[in-house]
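The exercises below go through one structure by sheets, helices, backbone, ligand shell and confidence. Try each task before reading its solution.

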Amino acid sequence: MGVTRHSGVGRGDVWRTGRRDLSALGGAEGVVQRRGRGRSEHVMAVAGVKGQASPGTPNMAAAGVVGAGVAESSLEPPAGTAARARRPPSGPPARLPPLLVLLAAAAGPGAGGAARLYRAGEDAVWVLDSGSVRGATANSSAAWLVQFYSSWCGHCIGYAPTWRALARDVQDWAAAIRVAALDCAEDSNREVCQAYDVHYYPTFRYFRAFTRDFTAGENFKGPDRELQTVRQAMVDFLQNHTDANWPPACPALDPIRPGDVLSLIDRRDGHCVAIMLESGGSYVGREVMLDLIPYENIAVKRVLDADQAFLEKLGVSSLPSCYLIHPNGSHGLIDVAKPLRSFFSSYLKSLPHVRKKSLLLPGKPSAEEKAEAMEWREFDRSKLYTADLESGLHCLLRVELAARSALAGAELRTLTDFITVVAKLFPGRPPVRRLLEMLQEWLASLPLDRIPYNAVLDLVDNKMRISGIFLTNQIRWVGCQGSRPELRGYSCSLWKLFHTLTVQAGARPDALDGTGLEGDPQAVLQAIRRYVRTFFGCKACGEHFEQMAQESLGSVKTSDQAILWLWEKHNLVNSRLAGHPSEDPRFPKAPWPTPDLCPACHEETRGLDSWNEDQVLLFLKRHYGSSNLVHTHAAALGGEGEAAGQGPGHADPGAQSLQGPRAPPPTPGLSERARPGGAGAAGRQEAEAAAPFLGMGFSSLDMSLCVLLYVASSLFLMLLFFFFRVRARRWKVRHHHPGV
Ligand SMILES: Cc1cc2nc3c(=O)[nH]c(=O)nc-3n(C[C@H](O)[C@H](O)[C@H](O)COP(=O)(O)OP(=O)(O)OC[C@H]3O[C@@H](n4cnc5c(N)ncnc54)[C@H](O)[C@@H]3O)c2cc1C
């Protein structure tokens, strides 16, 4: 009888950060829509430009800086960004030459199938990318608060509603400060995230207005990231500007003296003047000032901690209050139902003389922009898909690790150990295994303690064009597909890779021999643990995983226990994330394997669902074993054209790949997905047939060519030999018999 354990995971074990995010979310959704009395406030969104982008990368690649909120015409656009921030005039799409159409198709989806947490034109967030972030933040007339995120990071997904709500809430501040986001999971943004030194997601950075030299920004580390805290931090950040770099559209936020109020009452310049009276720690006055930026015929000032006599003179009985001086000189306290920012702002915006500055109302995002072209690949949940593991390795090696420009010391050793474990235990297709082995051998033999990451990338991209060594640069999630592009994907594939490694270590106990990791039942888990702690972009996930490891990894004494340890911890993470915004409704978090996948794993003990761990272990070994690995939907193994010619860019999985000089037959296009045994499979067979000779990865084709060349040159040398022999004989005959 196997060990049993309750499988029902306590919902009370709530992930704290997640809950906090959710409560922040509640606050975010609770933001009061500002409505002026008598006329509603315009809520605007400047739509993005997406026309030329692939479904995978529309917001990033094509949009450039896309504004939301206050219409650009009412603002002074930041230097160099104005053109991109506006929606181009709509019209019939330009006709592209056929070659460009082909190339555009080959560009295909971006990393992670182009998960997008923020949509230009729909969200008030300014969507930045590698092509726009520098232009937007450099020498800008407004300050910026940029969230560098990763679309597969659960925390980023959980936080996105708060960020959207914040951007919507402060969209009237855009001439002074803007809320933006940049997706570091996009391949095309990899280098820029590296340049901005972004290692963890989400990372929040401020950029001051009028910064001429390149800067990676100032980190925002607030006590929490709830909407109100970040909004107040934005106000503080604006106030940290000097006279020299003060955003021109931002009103002076410092308080005036009570004595100045009297002179304002005496002065009549055709404007309304609102005076916010408040206590020292209040942000209401400054927030109302910023809310009124796009409005004309009104100025907002603030007075702090005025003495009682002054307040009595104005008739103020509680703080905050607002004293209004009308253009005709009449003045008095305004009457709002609640002394809240939204109430004051909406009252002032609705005054008869107060007008919104001239606006260019944006068009609505087109249906085409809204549509997320997602192709669904049918799959079997009881199988493990090569496509998921290979896509995950691509993201790991070419996107996640590539966030570092160099690796040194402990980081380098962590990577070396992790790659060693993967290279020795990865059960996938031979070209990928050979590439991993090559990388592992190279890392293990390095005499250096510091390497530029580009050196690793060169190897991964097989710049030497050694045939039979290849890792796709395409993303094809199958068992890790999400019902929305931002869900599942990379983090799912990482879990699958980790489980596969623990199972393979049990199945092939000698695999790690000679690596220095042999004989240690914890070796695989420790390598995974160090990788997650050091490199996994979701920092909070890494910290949490580390905490679990500290608590119990030491108790693992056998490879079976290692398999079960990871299974159990993964289920803990699942239970914490149940109900979290990163949960895919199509793949709800539940104790795994579910009863339909493994009925024998589940038992009932005194009316409670419980695990039969012996059966779970058997199931895990079967599920993550080599024989359960299927290549359906896996990228064609391609030739050099795909491997080295295109570098880490993307090729449309369905589009014909551009062939290099010695490429195998063309990959089969869209039909390959429907016909797994098509030409793509033939290419795969050809590549798999490539046998490693002399450990150098030479294929049989390479060797045949060598033999052919050898025979041809031998024949040529023999011909030369006979030719000269005949000539020499003739010469001798002539010499000895001159008469002949
Ligand atoms: C090490 C690590 C730590 C993470 N920590 C966090 C975190 O703290 N907060 C957060 O928001 N996100 C975290 N994530 C991401 C999160 O766990 C999921 O990967 C993400 O929510 C996607 O979920 P999913 O539905 O694809 O299933 P995943 O949880 O990613 O699982 C992938 C697949 O593994 C299989 N599986 C599920 N459970 C088990 C199990 N117990 N044993 C074996 N196989 C299983 C299933 O086939 C499933 O489809 C972490 C990811 C990793 C790799």
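**Exercise 1.** In what order do the 4 strands of the open sheet that contains β9 stand, and is the pairing mixed?

Solution. The model is a predicted one, in which local features need pLDDT of at least 70 and side-chain atom pairs count only at pLDDT 80 or more, while totals for chains, interfaces and linings use all residues. Residue numbers start from 1 along each chain as its sequence is written.

- Step 1. The order is β9-β7-β10-β11, with mixed pairing. Strands (E, at least two residues) and helices (H or I, at least four) are DSSP runs numbered from the N terminus, and two strands pair if DSSP finds at least two bridges between them.
- Step 2. β9 (298–304) and β11 (331–333) are the edge strands, and each pairs on one side only.
- Step 3. On average, neighbouring strands of this sheet are turned by 20° against each other, with direction ignored.
- Step 4. β10 (residues 321–325) is antiparallel to β11, and 3 bridges pair them. In this pair, L324 is opposite G332 of β11.

**Exercise 2.** Describe the sheet that contains β2, and say why β2 and β6 have one side without a neighbour in the sheet.

Solution.

- Step 1. This open sheet has 5 strands in the order β2-β4-β3-β5-β6, and its pairing is mixed.
- Step 2. β2 (126–128) and β6 (218–219) are at the edges with a single partner strand each, so one side of each has no neighbour in the sheet.
- Step 3. β2 runs parallel to β4 (residues 177–183), joined by 3 bridges. V127 is placed opposite A181 in β4.
- Step 4. Helix α8 (residues 227–239) packs on the sheet and touches β3 (143–149), β4 and β5 (203–207); the directions of α8 and β3 make about 135°. Contact here requires C-beta atoms, placed from the backbone, within 7 Å. Axes are lines fitted to C-alpha atoms, for helices over the stretch in contact, and angles run from 0 to 180 degrees between N-to-C directions.

**Exercise 3.** At what angle do α19 and α20 pack, and how far apart are their axes?

Solution.

- Step 1. The angle between α19 (residues 523–535) and α20 is about 150°, and the axes are 8 Å apart.
- Step 2. From α19, R529, V532 and R533 meet G542, F545, E546 and A549 of α20.
- Step 3. By class, the residues of this contact are 3 nonpolar, 1 polar and 3 charged. Ala, Val, Leu, Ile, Met, Phe, Trp, Tyr, Cys and Pro count as nonpolar, Asp, Glu, Lys and Arg as charged, and the others, Gly among them, as polar.

**Exercise 4.** Find the backbone exceptions to this rule: most residues other than glycine have a negative phi, and most peptide bonds are trans.

Solution.

- Step 1. Y201 and P202 are joined by a cis peptide bond with omega about -10°. P202 is in the loop between α7 (190–195) and β5.
- Step 2. Another cis peptide bond joins L319 and P320, with omega about -5°; P320 is in the loop between α11 (308–314) and β10.
- Step 3. F210, not a glycine, has a positive phi near 55°. F210 belongs to the loop between β5 and β6.

**Exercise 5.** Which of the 26 residues around the ligand come nearest?

Solution.

- Step 1. They are G154, S491, C492, C541 and W592; a residue is near if its C-beta atom, placed from the backbone, lies within 6 Å of the molecule.
- Step 2. By class, the shell holds 13 nonpolar, 10 polar and 3 charged residues.

**Exercise 6.** What is the mean pLDDT of the protein chain?

Solution.

- Step 1. The mean is 77, and 72% of the residues reach 70 or more. pLDDT is the predictor's confidence in each residue, from 0 to 100.
- Step 2. pLDDT is below 50 over residues 8–115, a stretch with 258 contacts beyond near neighbours in sequence.
- Step 3. For the complex, the predictor gives an ipTM of 0.99 and a pTM of 0.64.

Definitions and conventions: Contact = placed C-beta atoms within 7 Å.
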